[in-house]
Amino acid sequence: MNSEKRIGINGRASDRANAGVSADTGETSTGEKRVKALLTYPPGAVGKPITYSLVRQFNLWINILHAEIAADKAGRLIMDIQGSADDVDRGLRFLTAEDIEYEILNGSIVWDEDKCVHCGACTAVCPSHALTMDNLDWSLLFDKEKCYLCRLCTRACPVGAMSTPI
Ligand code: SF4
Ligand code: SF4
């Protein structure tokens, strides 16, 4: 299941959504911290109101970028989390206490065009539609601006054309 949803707090959602963010520190132009995280829910935990708690208890702004959630199965959420540095850190500790594993997504995805055979396998797994096929010549198109950094394409590519720099 794909979903895209914004949850704002105290009327500041649009300000936060528009704030620039440093790739090095995760700090925004408004002095807040913003991270992109991949949350993995164990089976049985998908009913927990985790997103609601992050918003209400920790005053965080949450933008869900991608969700794969099914009852009684492990689930995955990719979300932007933004707030004061303390609140973001407290929110991340809360996830750990709730047995929700998380990974901070950063860096960049590199597409090696010389290796690419334009098979399209990566487009089937890309949740952000950053990877698409050109409908004129069926070559791969990569829109970096849309990329969530989830790395699903690196596992799907049969020739190793998608990678993350070390
Ligand atoms: S890492 Fe790959 S699969 Fe994930 S959003 Fe970016 S291009 Fe798509
Ligand atoms: S899966 Fe790999 S080879 Fe196939 S289109 Fe994507 S980047 Fe190119």
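Let me begin in the loop between strand E6, residues 110-111, and helix H4, residues 121-125, because that is the place of His 118, and what we are looking at, I should say at once, is a predicted model. His 118 is not a glycine, and yet its phi is positive, at about 55°. As a general rule, most residues other than glycine have a negative phi. As for its surroundings, His 118 counts as partly exposed because 15 other C-beta atoms lie within 10 Å, and a residue is called exposed only at 12 or fewer and buried at 20 or more.

Let me step back to the whole chain for a moment. The protein chain has 5 helices and 9 strands, and from the N terminus on these elements run β-α-β-α-β-β-α-β-β-α-β-β-α-β. The chain has 166 residues, of which 22% are buried. If you take the contacts between residues at least 6 apart in sequence, 64% of them join residues that are at least 24 apart.

Now to helix H2, which covers residues 50-58, and in which Ile 50, Leu 54 and Phe 58 are buried. Where around the helix do these residues sit? They lie on the same side of H2, because the arc that they cover around the axis is only 50°. The face that is turned away from this buried side carries Tyr 52 and Arg 56, which are both exposed. And what do the buried residues of H2 pack against? Their partners are strand E3, residues 61-68, strand E4, residues 75-83, and helix H3, residues 85-97. Just after H2 comes Asn 59, which has a positive phi, near 55°.

Helix H3, one of those partners, has 13 residues, and from its first C-alpha to its last it reaches 18 Å, which is close to the 18 Å expected at 1.5 Å a residue. H3 is followed by Asp 99, whose phi is positive, near 65°, and this residue is found in the loop between H3 and E5. Is Asp 99 buried or exposed? Asp 99 counts as exposed, because it has 12 C-beta neighbours inside 10 Å.

Strand E4, which we met beside H2, also takes part in strand pairing, so to speak, with strand E2, residues 33-41, and the two are antiparallel over 9 bridges. To pick out one position in this pairing, Arg 34 has Gln 82 in E4 as its bridge partner. E2 is also joined to strand E5, residues 101-104, by 4 bridges, and these two strands run antiparallel as well. Here Leu 39 stands opposite Tyr 102 in E5.

Let us turn to the ligands. Around ligand 1 there are 14 residues, and those that come nearest are Cys 126, Ser 128, Cys 147, Cys 150 and Cys 153. By class, this shell has 12 nonpolar residues, 1 polar residue and 1 charged residue. Around ligand 2 there are 13 residues, and here the closest are Cys 116, Cys 119, Cys 122, Cys 157 and Ala 161. Its shell has 11 nonpolar and 2 polar residues, and no charged ones.

One residue of that second group, Cys 122, deserves a slower look. Cys 122 has its place in helix H4, and it counts as buried because 26 C-beta neighbours lie inside 10 Å. If we leave out residues up to four places away in sequence, Cys 122 touches Leu 131, Cys 153, Ala 156, Cys 157 and Met 162. Two of these names are ones you have already heard, since Cys 153 was listed among the residues that come nearest to ligand 1, and Cys 157 was listed among the closest to ligand 2. Leu 140 is 18 residues away from Cys 122 along the chain, and their C-alpha atoms are separated by 9.2 Å.

I will end with Asp 143, in the loop between strand E8, residues 140-142, and helix H5, residues 152-156. Asp 143 is exposed, because 12 other C-beta atoms lie within 10 Å. How far apart are Asp 143 and His 129 in sequence, and how far in space? They are 14 residues apart in sequence, while from C-alpha to C-alpha they are 8.2 Å apart.

Terms used: Residues numbered from 1 in each chain as written. Chains lettered and ligands numbered in written order. Predicted model: local features only at pLDDT ≥ 70, side-chain atom pairs only at ≥ 80, totals over all residues. Near = placed C-beta within 6 Å. Nonpolar A, V, L, I, M, F, W, Y, C, P; charged D, E, K, R; others polar. Arc of directions from axis to C-beta. Contact = placed C-beta atoms within 7 Å. Pairing = 2+ DSSP bridges. Expected span 1.5 Å × (residues − 1).
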